[in-house]
Amino acid sequence: QVQLVESGGGLVQAGGSLRLSCAASGRTFSGSAMGWIRQAPGKEREFVAHINWSGDSTHYANSVKGRFTISRDNAKNTVYLQMNSLKPEDTAVYYCAARPRILFSTFYDYWGQGIQVTVSS
């Protein structure tokens, strides 16, 4: 079982930056691939980024590639999403998730409660 808690969201102007954190508790975190998924109002959930258990392999959605960076610190049981050059279309609730059932998808076994990110134009 893994419990996930996101932090670091908020309101930012277009072009700005935010860093989301996801604190994990429970066994098997260090052995779990992790991801960030987002859901904008009226839209389906969208895969954003993935990182493998050791942190040496990452994958991004085309919409965020070059602007977002996913990383993890297994000693701190934390995953991060650094978001730069934010755009209004990045506005969404962002979810941290663990143990993907299908790589680079929105299908994960464990989910955080989500955190709001709002980018104003």
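Two rings of Phe, Tyr or Trp, the last represented by its six-membered ring, are taken as a pair if their centres lie within 6.5 Å. In this predicted model, Tyr95, Tyr108 and Trp111 form one aromatic cluster. A search of the whole structure finds three aromatic pairs.

One of these pairs joins Phe47 and Phe104, whose centres are 6.1 Å apart and whose planes meet at 50 degrees, a tilted arrangement. Phe47 belongs to strand β5 (residues 46-51), whereas Phe104 lies in the loop between β9 (92-100) and β10 (108-111), so the contact ties together parts of the chain that are 57 residues apart in sequence. The two partners can also be described by their accessibility. Phe47 counts as buried because its relative accessibility, 11%, is under the 20% cut-off. Phe104, with a relative accessible area of 36%, is partly exposed.

A further pair lies within the cluster and involves Tyr95 and Trp111. Their ring centres are 5.9 Å apart and their planes stand at 80 degrees; the pair is therefore edge-to-face. Tyr95 is in strand β9 and Trp111 in strand β10, and the pair links these distant parts of the chain, 16 residues apart. Tyr95 is buried, at 14% relative accessibility, while Trp111 is partly exposed, at 26%.

Arg45 adds a charged group to this arrangement. Arg45 lies over the face of Tyr95, at 4.4 Å from the ring centre. The charged end of Arg45 also sits over the ring of Trp111, 4.3 Å from the centre of that ring.

Key: Residues are numbered from 1 along each chain as its sequence is written. This is a predicted model: local features need pLDDT of at least 70, side-chain atom pairs count only at pLDDT 80 or more; totals for chains, interfaces and linings use all residues. Side-chain values use heavy atoms; hydrogens and water are left out. Rings of Phe, Tyr and Trp (its six-membered ring) pair if their centres lie within 6.5 Å; planes under 30 degrees apart count as stacked, over 60 as edge-to-face and the rest as tilted. Helices (H or I, at least four residues) and strands (E, at least two) are DSSP runs, numbered from the N terminus. Buried means under 20% relative accessible area, exposed over 50%, partly exposed in between (1.4 Å probe, protein chains only). A charge sits over a ring if NZ of Lys or CZ of Arg is within 6 Å of the ring centre and within 35 degrees of the ring normal.
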